[in-house]
Amino acid sequence: MNKTQLANYFDHTFLKAYATEADLTKLCNEAKEIGAAMVAINTTWTKFCKEQLKGTNVHVGAAISFPLGQAGLASKIAETKIAIEDGADEIDYVIDIGQAKMHHWDYIKEEMESIVSICREHNVISKVIFENCYLEKDEIKQIALIAKEVKPDFIKTSTGFGTGGATLEDVKLMVETVEGQVKVKAAGGIRDWKTCKAMIDAGAQRIGTSSSLKILEEFEYYDLGEYDMILMDVQMPVVNGYEVTMAIRRSSYELEKTIPIIFMTANAFSEDMQHSLSAGMNAHISKPVDMKLLKKTIRNIKLGRKEA
């Protein structure tokens with residue numbers, strides 16, 4: 001996967017109650033810049049975002065009965081129609097969670113059929129938000145089975161406004177249940193590349209997140225979890241290892257703040273050792289590298305011991 005392909009997974013999101021024109025302009029500009037699949041917005045902003053995204057491939061996605069799902073079917077249908085009239089390319093609606101908790105499966109099916117049929121009639125992508133944090137596993141499975149029959153384009157884990165977001169367990173359950181008949185969108189709490197990658201690996205084909213830019217930055221510069229340690233040489237063509245290490249430690253990403261760094265220099269003077277530790281290193285060894293000493297140093301770092 002490359003950066004462009006990853007960006008196309010994203011429903012770039014701003015669904016806050018305090019959204020302003022400036023917020024939505026920023027959201028649309030970011031979505032255009034990265035090539036996101038969609039912007040996820042509250043219905044009232046549909047026309048505005050459609051105008052902002054004119055001439056691009058970025059879709060406008062309206063969130064229906066968001067985030068509680070308690071507006072009633074007639075209201076959801078009306079809101080869906082208004083959003084489509086205003087230019088929505090995709091509809092994400094929240095199921096009536098109370099009806100699901102009471103196991104009124106006929107209602108859940110009727111609601112899904114009603115909204116999906118409107119979307120289908122207008123060639124608009126439909127997504128069904130379960131809000132899994134309030135559901136038992138058998139309830140998630142039952143709604144997914146209904147979706148397998150009704151065939152919306154996507155089923156979605158969460159609004160991001162409940163007591164929990166997407167989990168790998170839930171994504172896997174949803175993917176397994178629909179057996180390829182419906183796609184799965186993971187949303188809620190996906191703020192870094194490690195989590196995003198895990199959701200995609202579990203079968204999610206869309207990612208709802210307000211952290212799209214951060215995830216892409218992490219993806220571009222490293223694959224989180226691929227490296228356990230850095231061996232840093234002081235002599236480099238453009239910058240020195242001290243400067244690089246200090247830049248790594250100033251990063252906003254937790255991995256870069258904590259990943260062990262072993263400094264290598266041709267000198268073994270005490271001032272070199274002290275300088276390396278002050279820059280943010282965990283240990284110092286001299287060159288040429290003594291492999292036994294390197295192994296011992298790595299072992300000590302893993303055991304949490306200070307450099308001798």
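Trainee: At roughly what angle do the axes of helix H4 and helix H6 cross?
Mentor: This is a predicted model: local features need pLDDT of at least 70, side-chain atom pairs count only at pLDDT 80 or more, and totals for chains, interfaces and linings use all residues. H4 spans residues 73-85 and H6 spans residues 105-121 (helices, H or I, have at least four residues and strands, E, at least two; both are DSSP runs numbered from the N terminus). Their axes come within 10 Å (lines fitted to C-alpha atoms, for helices over the stretch in contact, with angles from 0 to 180 degrees between N-to-C directions). The crossing angle of H4 and H6 is roughly 15°.

Trainee: Are H4 and H6 roughly parallel or roughly antiparallel?
Mentor: Angles under 35 degrees count as roughly parallel, over 145 as roughly antiparallel, 65 to 115 as roughly perpendicular and the rest as oblique. The axes of H4 and H6 cross at roughly 15°. H4 and H6 are therefore roughly parallel.

Trainee: What is the handedness of the crossing where H4 passes H6?
Mentor: A crossing is left-handed if the near helix is turned anticlockwise from the far one by less than a right angle, and right-handed if clockwise. The crossing of H4 and H6 is right-handed.

Trainee: Which residues of H4 make the contact with H6?
Mentor: Contact means heavy atoms within 4.5 Å. H6 contributes Tyr 107, Glu 110, Glu 111, Ser 114, Ile 115, Ile 118 and Cys 119. From H4 come Leu 73, Lys 76, Ile 77, Thr 80, Lys 81 and Ile 84.

Trainee: H6 also meets H7. Is H6 oblique or parallel to H7?
Mentor: H7 covers residues 137-150, and its axis comes within 10 Å of that of H6. The two axes cross at roughly 40°. H6 is therefore, relative to H7, oblique.

Trainee: Which residues of H7 meet H6?
Mentor: The crossing of H6 and H7 is right-handed. On the H6 side, the residues are Trp 105, Ile 108, Lys 109, Met 112, Glu 113, Val 116 and Arg 120. On the H7 side, they are Glu 139, Gln 142, Ile 143, Ile 146, Ala 147, Glu 149 and Val 150.

Trainee: Now the barrel. What is the average twist from one strand to the next?
Mentor: Eight strands close into the barrel, in the order E1-E2-E3-E4-E5-E6-E7-E8. Their pairing is parallel (two strands pair if DSSP finds at least two bridges between them). From one strand to the next, the twist averages 25°.

Trainee: At about what angle to E3 does H4 run?
Mentor: Strand E3 (residues 59-64) and strand E4 (residues 90-94) run parallel, joined by four bridges. Gly 61 stands opposite Glu 90 in E4. H4 lies across E3 and E4, and its angle to E3 is about 160°.

Trainee: Which residue of E2 stands opposite Thr 13?
Mentor: Strand E1 (residues 10-13) runs parallel to E2, with three bridges between them. Opposite Thr 13 stands Ala 40.

Trainee: How many residues of E2 are buried?
Mentor: Buried means under 20% relative accessible area, exposed over 50%, partly exposed in between (1.4 Å probe, protein chains only). In a regular strand the side chains alternate between the two faces of the sheet. Met 38, Ala 40 and Asn 42 are buried on one side of E2, and Val 39 and Ile 41 on the other. The count for E2 (residues 38-42) is five of five.

Trainee: How far apart in space are Ile 207 and Ala 37, C-alpha to C-alpha?
Mentor: Ile 207 is found in strand E8 (residues 206-209). Ile 207 counts as buried because its relative accessibility is 0%. In sequence, 170 residues separate Ile 207 from Ala 37, but in space the distance is 9.5 Å.

Trainee: Which residue shares a side-chain polar contact with Ser 212?
Mentor: Residues are numbered from 1 along each chain as its sequence is written, and side-chain values use heavy atoms, leaving out hydrogens and water. Ser 212 lies in helix H10 (residues 212-221) and is buried because its relative accessible area is 0%. A polar contact is a pair of N or O atoms within 3.5 Å; within protein, one must be able to donate a hydrogen and the other to accept it, and residues adjacent in sequence count only if both atoms are side-chain atoms. At 2.8 Å, the partner of Ser 212 is His 12.

Trainee: Last, the open sheet. Which strands are its edge strands?
Mentor: Three strands form the sheet in the order E9-E10-E11, with parallel pairing. Each edge strand pairs on one side only: these are E9 (230-233) and E11 (283-286).
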